[in-house]
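Hi,

Here is the structure I said I would pass on. Have a look at it first, and my notes on the pocket and the cysteines follow underneath.

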Amino acid sequence: MAIKLKFIFRNLADSATITASPALVAGLPESNLKFQERNKTARSTSLAAQTYLFSWATDQNIDAIACKWHNWTAAATMANPTYSDSAWTTAIDTNAAANAFAYTGFDANDILTEADFRILKNSERYLTNRTNVRSMKATIADAANPDGYIEASRFFIGKSLELSYSVPYGGAILTLDDLSVQSVMDDGSLVTDKRAKRRKLELSAHCVVPSEWAALLAAFRYCGLDKDFWVSVLPDDGTYLQAYYSGAFKFAAPSTFDRFFPGAAQSKLTLIET
């Protein structure tokens, strides 16, 4: 299986005008989609199909859309039509409804409705590249969602970067991190103050080719330590591995680069889930 990284570094959703139809729950509006915090979500008032509408004043280069920390079920679908005007009238591509979280192979202990599973509730879709997009939609249908509503935390929209070669064996290390704090009681009991979970990815950049240096250097400079971005290690896998190896991350440390030995100098990219 080829392991080819895909990134969305510059998130055009942040520069978009975002509206929602139908209107969302008061206090959980579409403006929350521009915040990095997980719990700042945009929530529907019912299980009617929910549409998030994005528009820009100028042409945008787009071939990908992703969503982090949603509550969609395995039956959910997402449609993503694109338009060449800012009013969602002049269609470019239909991008009809497709499965949004239909990953296969989860273990019986991966209970999709549990709170701790939420870090894996991420979806991505790759589209035909268009350079003249001025508006697009994300319409989510999930009529049997047991929560009784449709929710999303953050969208990532933009031109994806796919590296030419697979990550080498041993070059995609996943750590499931738990921020809980353990304390030993007087009787020897080990008590845990339960907190959030997150993932860490350590990705080898050893196989990056010269034609990709400019894009990676631009990403290091642009993202720094403050901007979140989308990463998917197995974007076309369709199994539980794609869910575990995709999501919204930040660089955990400044990245280094050497133009003569880029792979040797930059042995890994360390990413922390946000």
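The lining of the largest pocket is made up of 9 nonpolar, 4 polar and 3 charged residues. Bear in mind that this is a predicted model. The space in that pocket comes to about 270 Å³. There are 16 lining residues, and the ones closest to the pocket's centre are I8, F9, R10, K159 and Y222.

As for where the lining comes from, β1 (6-8), β4 (50-68) and α1 (213-223) each put in at least two residues. The biggest share belongs to α1, which gives 5 residues to the lining.

Now the cysteines. How many disulfides are there? The count is 0. A pair of cysteine sulfurs would have to lie within 2.5 Å to qualify, and C67 misses out because the closest cysteine sulfur, the one in C223, is 19 Å away, too far for a bond. Seen from the other end, C223 is in no disulfide either, with the sulfur of C67 as its nearest cysteine sulfur at 19 Å.

Are these two cysteines buried or exposed? C67 counts as buried, since its relative accessibility is 1%. C223 is buried as well, with a relative accessible area of 0%. For reference, the cut-off for buried is under 20% relative accessible area.

So when you open the model, you could start with α1 and its 5 lining residues, then go on to C67 and its 19 Å separation from the sulfur of C223.

Cheers

Note on methods:
Residues numbered from 1 in each chain as written. Predicted model: local features only at pLDDT ≥ 70, side-chain atom pairs only at ≥ 80, totals over all residues. Heavy atoms only, no water. Buried < 20%, exposed > 50% of the residue type's maximum accessible area, 1.4 Å probe, protein only. 1 Å grid on protein atoms, 1.4 Å probe; cavity = no way out; pocket = protein on both sides within 12 Å on 5 of 7 lines; lining within 4 Å. Points joined across faces, edges and corners; volume = space filled by probe spheres on them. Helix = DSSP H or I, 4+ residues; strand = E, 2+ residues; numbered from the N terminus. Nonpolar A, V, L, I, M, F, W, Y, C, P; charged D, E, K, R; others polar.
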